[in-house]
Amino acid sequence: MSYFKVNDNCNGCLACIENCPASALDFFDQDGRRTLKHNMTKCARCGQCWRVCPQDAIEFQHLLVGEWDEVISLDLIHCRVCDEVLYSSAFQQKIDSKLNSTSEALCPKHRQNAAAAKLLPSIKKA
Ligand code: SF4
Ligand code: SF4
């Protein structure tokens with residue numbers, strides 16, 4: 001995904017490509033068409049392309065603002081008492097396999113309560 005956006009004013013003069021200090025812009029001519037390319041991983045967001053463009057075709061604001069791309073979405077595990085989010089299901093599976101056990105879905109507070117409830121009968125007997 002690139003946030004480098006060029007509007008319809010672009011006439012393909014290549015000034016932006018020739019003046020990009022990071023080689024983040026390129027182009028190819030094929031089948032009677034000129035195509036501009038931009039590489040986000042190389043781009044330094046320096047604005048040089050925007051400054052030299054004679055057509056005001058580069059909408060540089062998109063490079064400055066950018067947006068968040070969602071890269072993954074995972075199921076969540078909640079505390080079985082209060083529903084507080086604990087961790088992802090995949091994270092729990094990893095921990096369980098490392099510890100060779102099945103962890104209880106409890107937040108710190110309700111884990112403490114559960115531990116205290118288990119202790120209480122033995123304390124009463126003593
Ligand atoms: S912002 Fe700078 S580094 Fe990025 S494409 Fe434009 S001139 Fe190149
Ligand atoms: S400098 Fe501007 S008009 Fe020229 S190719 Fe780049 S974006 Fe298009």
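Tutor: Two residues are in contact if their C-beta atoms, placed from the backbone, lie within 7 Å. This is a predicted model, in which local features need pLDDT of at least 70, side-chain atom pairs count only at pLDDT 80 or more, and totals for chains, interfaces and linings use all residues. Residues are numbered from 1 along each chain as its sequence is written, while chains are lettered from A and ligands numbered from 1 in the order in which they are written.

Student: Which residues is C107 in contact with, leaving aside its neighbours within four places in sequence?

Tutor: C107 is found in the loop between α4 (89–99) and α5; helices (H or I, at least four residues) and strands (E, at least two) are DSSP runs, numbered from the N terminus. The C-alpha atoms of C107 and R80 are 8.3 Å apart, although 27 residues separate the two in sequence. Beyond its neighbours within four places, the contacts of C107 are C79, C82, E84 and L86.

Student: Why does C107 count as partly exposed?

Tutor: A residue is buried if 20 or more other C-beta atoms lie within 10 Å of its own, exposed if 12 or fewer, and partly exposed in between, with C-beta atoms placed from the backbone. C107 is partly exposed because its number of C-beta neighbours inside 10 Å is 17.

Student: How many residues of α4 are buried?

Tutor: Helix α4 has 11 residues and is hardly covered. The count of buried residues among them is zero.

Student: Which residue follows α4, and what is its phi?

Tutor: The residue is N100, in the loop between α4 and α5. N100 is exposed, because 6 other C-beta atoms lie within 10 Å. Although N100 is not a glycine, its phi is positive, at about 55°.

Student: What is phi of D56?

Tutor: D56 lies in the loop between α2 (48–52) and α3 (61–65). D56 is exposed, because 10 other C-beta atoms lie within 10 Å. Phi of D56 is positive in a residue other than glycine, with a value near 50°.

Student: Which residues form the largest nonpolar core?

Tutor: A nonpolar core is a set of buried Ala, Val, Leu, Ile, Met, Phe, Trp, Tyr and Cys residues joined through C-beta atoms within 7 Å. One member of the largest core, C49, touches C16, N19, C20, L25 and I58, not counting residues up to four places away in sequence. The largest core has seven residues: C16, C20, A24, L25, C49, A57 and I58.

Student: How many charged residues are in the shell around ligand 1?

Tutor: A residue is near a molecule or strand if its C-beta atom, placed from the backbone, lies within 6 Å of it. Ligand 1 is surrounded by C20, A22, A24, L25, H38, C43, A44, R45, C46, G47, Q48 and C49. Ala, Val, Leu, Ile, Met, Phe, Trp, Tyr, Cys and Pro count as nonpolar, Asp, Glu, Lys and Arg as charged, and the others, Gly among them, as polar. By these classes, the shell around ligand 1 has eight nonpolar and three polar residues, and its number of charged residues is one.

Student: How many charged residues does the shell around ligand 2 have?

Tutor: Ligand 2 is surrounded by V6, C10, N11, G12, C13, L14, A15, C16, C53, Q55, A57 and I58. In this shell there are nine nonpolar and three polar residues, and the number of charged residues is zero.

Student: Where does C13 lie?

Tutor: C13 is among the residues that surround ligand 2. C13 is partly exposed, because 14 C-beta neighbours lie inside 10 Å. The C-alpha atoms of C13 and L36 are 10 Å apart, with their positions 23 residues apart in sequence. Along the chain, C13 lies in the segment before α1.

Student: Which residues is A22 in contact with, leaving aside its neighbours within four places in sequence?

Tutor: A22 is in the loop between α1 and β1 (25–30). A22 is partly exposed, because 14 other C-beta atoms lie within 10 Å. Leaving aside its neighbours within four places, A22 is in contact with K42, C43 and A44.

Student: How far apart are the C-alpha centres of domain 1 and domain 2?

Tutor: An automatic or database domain assignment gives the bounds, with domain 1 at 15–65 and domain 2 at 76–125. The distance between their C-alpha centres is 53 Å.

Student: In which helix is confidence lowest?

Tutor: pLDDT is the predictor's confidence in each residue, from 0 to 100. The mean for the protein chain is 92, and 95% of its residues reach 70 or more. Confidence is highest in helix α1 (residues 15–19), at 98, and lowest, at a mean of 81, in helix α5 (residues 108–125).
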